[in-house]
Amino acid sequence: MLQVLKANQRGHANHGWLNSWHTFSFAHYYNPEQMGFSALRVINDDTVARGAGFTTHSHSDMEIISYVLDGALEHKDTLGTGSVIRPGDVQMMEAGHGISHSEFNHSHSEPVHFLQIWILPDRKGLTPSYQQRHFSSEEKRGKLRLVVSPDGRDDSLRIHQDASLYAALVDGEEEIAWSQQNGRNGYLHVARGSVLLNGYPLEAGDGVKVFGGADLKLSDGAQAEVLWFDLPPSK
């Protein structure tokens with residue numbers, strides 16, 4: 001079964017310096033029907049104004065992924081990590097038993113647009129860690145490129161959960177077909193552009209929950225960039 005969540009059904013908060021769309025309940029947005037899906041807890045679609053950002057704040061017991069779409073995001077944390085994340089980069093921060101970090105728009109002239117994704121870990125109290133890797137457009141063109149996985153295979157970032165994240169670019173006549181395994185759940189997020197999923201039209205910000213096994217196909221993309229989450233069964 002497939003369940004579509006349209007972009008305009010998400011929560012929304014505009015703080016001036018931050019324009020944020022919440023796929024699932026987050027901060028002041030509460031929707032008891034959208035508390036996450038399987039181990040996937042948060043997808044925030046954030047645009048941060050030039051020179052602005054999130055001051056130092058703390059997290060614990062969460063796998064936090066940042067996926068930059070446009071601009072540059074500057075990151076600093078209590079592990080001593082300092083980095084700038086640009087389109088094609090994927091950042092993975094294991095909050096573990098506790099970590100503090102800040103995220104700022106690296107540019108003083110352009111906004112930064114990125115997705116912040118939270119996934120519940122398979123256990124609490126892990127040692128905090130940081131990973132970052134670049135995945136080129138060529139690796140994602142017309143195919144699902146594994147970017148996060150439990151075992152770090154295919155040069156993906158490693159997560160402490162039975163969940164995998166894939167990224168893909170779909171445009172024109174490109175098609176991507178795959179099968180979701182029985183007993184698993186899946187979530188598709190359209191980060192930008194438009195695309196058909198099994199013939200159903202999706203736009204930027206739309207998401208689709210996939211319950212159990214299914215044969216899936218992306219087609220007729222118009223500069224589409226999508227994320228596919230392979231997730232464990234819901235408890």
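Strands, in what follows, are DSSP runs of E of at least two residues, numbered from the N terminus. The model is predicted.

**Exercise 1. Place Ser60 among the strands, state its exposure class, and list its contacts beyond its neighbours within four places in sequence.**

Solution. Begin with the secondary structure: Ser60 sits in the loop that runs between strand 5 and strand 6. Next, take the accessibility: the relative value for Ser60 is 41%, and partly exposed covers the range between 20% and 50%, so Ser60 counts as partly exposed. Then turn to the contacts, where, once neighbours within four places in sequence are left aside, Ser60 touches Ala95, Gly96, His97 and Gly98. Finally, for a separation across the model, compare Ser60 with Ser109, which lies 49 residues away along the chain and has its C-alpha atom 33 Å from that of Ser60.

**Exercise 2. Describe the largest pocket by its volume and its lining.**

Solution. The volume of the largest pocket comes to about 280 Å³. Its lining consists of 18 residues, of which Leu18, His22, Phe26, Ala27 and Phe54 are the closest to the centre. Two or more lining residues come from each of strand 2 (11-14), strand 3 (18-22), strand 4 (40-48), strand 5 (53-59) and strand 11 (112-119). Sorted by class, the lining holds 7 nonpolar, 9 polar and 2 charged residues.

**Exercise 3. Find how many cavities of 30 Å³ or more the structure holds, and characterise the largest cavity.**

Solution. The count is 1 cavity of 30 Å³ or more, and the largest cavity has a volume of about 40 Å³. Its lining is made up of Gln3, Val4, Leu5, Gln34, Tyr187, Gly207, Val208 and Lys209, with strand 1 (2-5) and strand 19 (207-211) each giving at least two of these residues. By class, this lining divides into 4 nonpolar, 3 polar and 1 charged residues.

**Exercise 4. Identify the residues with the most contacts inside the largest nonpolar core, and follow the contacts of Leu40.**

Solution. The largest nonpolar core comprises 27 residues, and those with the most contacts inside it are Leu40, Ile117, Tyr187 and Phe229. Among the strands that each supply at least two of its residues are strand 4, strand 11, strand 17 (185-197) and strand 20 (214-231). A further core lies apart from this one and has 19 residues, including Tyr166, Ile176, Leu197 and Val226. Following Leu40 beyond its neighbours within four places in sequence, one finds it in contact with Phe24, Ile117, Trp118, Ile119, Tyr187, Phe229 and Leu231. Tyr187, named here for the core, also appears in the lining of the largest cavity.

Note on methods
Residues are numbered from 1 along each chain as its sequence is written. This is a predicted model: local features need pLDDT of at least 70, side-chain atom pairs count only at pLDDT 80 or more; totals for chains, interfaces and linings use all residues. Side-chain values use heavy atoms; hydrogens and water are left out. On a 1 Å grid over the protein atoms alone, a cavity is a set of points where a 1.4 Å probe fits but cannot get out, and a pocket is an open set with protein on both sides within 12 Å along at least five of seven lines; lining residues have an atom within 4 Å of a point. Grid points are joined across faces, edges and corners, and a volume is the space filled by probe spheres set on the points. Ala, Val, Leu, Ile, Met, Phe, Trp, Tyr, Cys and Pro count as nonpolar, Asp, Glu, Lys and Arg as charged, and the others, Gly among them, as polar. A nonpolar core is a set of buried Ala, Val, Leu, Ile, Met, Phe, Trp, Tyr and Cys residues joined through side-chain atoms within 4.5 Å. Buried means under 20% relative accessible area, exposed over 50%, partly exposed in between (1.4 Å probe, protein chains only). Contact means heavy atoms within 4.5 Å.
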